[in-house]
Amino acid sequence: MKIGEAVRVTGASVLVEGDMDRELGGAISGDLLSFIMAEAREGWLWITIQTHVNAAAVAVLKEVPFILAASGRMPDRTLVDRCSVEGITLATTPMSAFDAAGALREAGFPISS
Amino acid sequence: MGQEPYVEEYAIQAGDFSAIGEASTKFKATLKMLGIASDLVRRASVIAYESEMNALIHGGGGMLRMTVHDDHLVIEASDSGPGIPDVQLAMQEGYSTATDEIRELGFGAGMGLPNIQRNADAMEIDTEVGRGTRLRATVAFKQG
């Protein structure tokens, strides 16, 4: 699934538009930064309620191209700015992380390998 | 014939949480520029990030240094913080002394040192209560 489609499926509002045609290789959901550092893979979508600037550093280091803030969390200005610089797509969805994941799976998002 | 190792070093400022990951991100850019294989870059990035985070959160700031040799790289973090009273306990996944405030930001999950160990070919911790902590992690470049 492409980033643009994942945005549409989760009803998300885009704050930073990166490469919306980028194909997502998988997805992970979590709010512990070290857990994401350990488990995320290059090209994955990251669903989280962490909306401070440090999320961008994790995404850069793990080459995560799309951060989706869940439960209507509004990313800090500093996170928006950093994602812009790094070309990371940043969006916020009113759905919980659970519901966003469910909607993505229902729309055919493949099992992450 | 061996070349001079490449050294890059940054100060980790106490209390500047928004800066966590800055030094690691610079290291990563350097490694990519040096043409290091991407899986090694990713491992080094995890080590650098967790070391940087530890030095800031637990060590009250310090230094982060990366040395790139022909066949391996070394990431060293040093701080003058409180030291680690029980390293074995600190190595246990999930054990953390981080405050609630830090945990709410998603740090302090008790995964830092285990993450470093998992991604390093060798890891040494030299710590003394009241003096500080030095961590040294090595990633070898040898291919399968």
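**The sheet of chain B and its contact with chain A**

In this predicted model, chain B holds an open sheet of 5 strands in the order β1-β2-β3-β5-β4, with antiparallel pairing. Strands (E, at least two residues) and helices (H or I, at least four) are DSSP runs numbered from the N terminus. Two strands pair if DSSP finds at least two bridges between them. The edges belong to β1 (6-12) and β4 (122-128) of chain B; each has a single partner strand, so one side of each is left without a neighbour in the sheet. From one strand to the next, the twist averages 10 degrees.

Residues are numbered from 1 along each chain as its sequence is written, and chains are lettered from A in the order in which they are written. Because the model is predicted, local features need pLDDT of at least 70 and side-chain atom pairs count only at pLDDT 80 or more, while totals for chains, interfaces and linings use all residues; side-chain values use heavy atoms, without hydrogens and water.

Take the β4 edge. β4(B) runs antiparallel to β5 (residues 132-140) of chain B, and 7 bridges join them. B:Asp126 has B:Arg134 as its bridge partner in β5(B). B:Thr127 is partnered by B:Thr133. The two strands form a hairpin with 3 residues between them. In that turn, B:Gly130 has a positive phi of about 85 degrees.

A helix covers several strands. α2 (residues 38-57) of chain B lies across β1, β2 (62-68), β3 (72-79) and β5 of chain B. α2(B) runs at about 10 degrees to β3(B). Axes are lines fitted to C-alpha atoms, for helices over the stretch in contact, and angles run from 0 to 180 degrees between N-to-C directions. Contact means heavy atoms within 4.5 Å.

Now the loop between α3 (87-90) and α4 (100-104) of chain B, where B:Ser96 lies. B:Ser96 counts as buried because its relative accessibility is 16%, under the 20% limit (1.4 Å probe, protein chains only). Its side chain reaches the backbone oxygen of B:Gly108 at 3.0 Å.

Finally, the interface. 23 residues of chain B are in contact with 19 residues of chain A. There are 3 salt bridges between the chains, each a side-chain nitrogen of Lys or Arg within 4 Å of a carboxyl oxygen of Asp or Glu. One of them links the side chains of A:Glu63 and B:Lys32 (3.9 Å, N to O). α1 (22-33), α2 and α5 (112-119) of chain B each supply at least two residues of the side that touches chain A. The largest share of that side, 6 residues, comes from α2(B).

Methods: Buried < 20%, exposed > 50% of the residue type's maximum accessible area, 1.4 Å probe, protein only. Polar contact = N/O pair within 3.5 Å; in protein donor to acceptor, adjacent residues only side chain to side chain.
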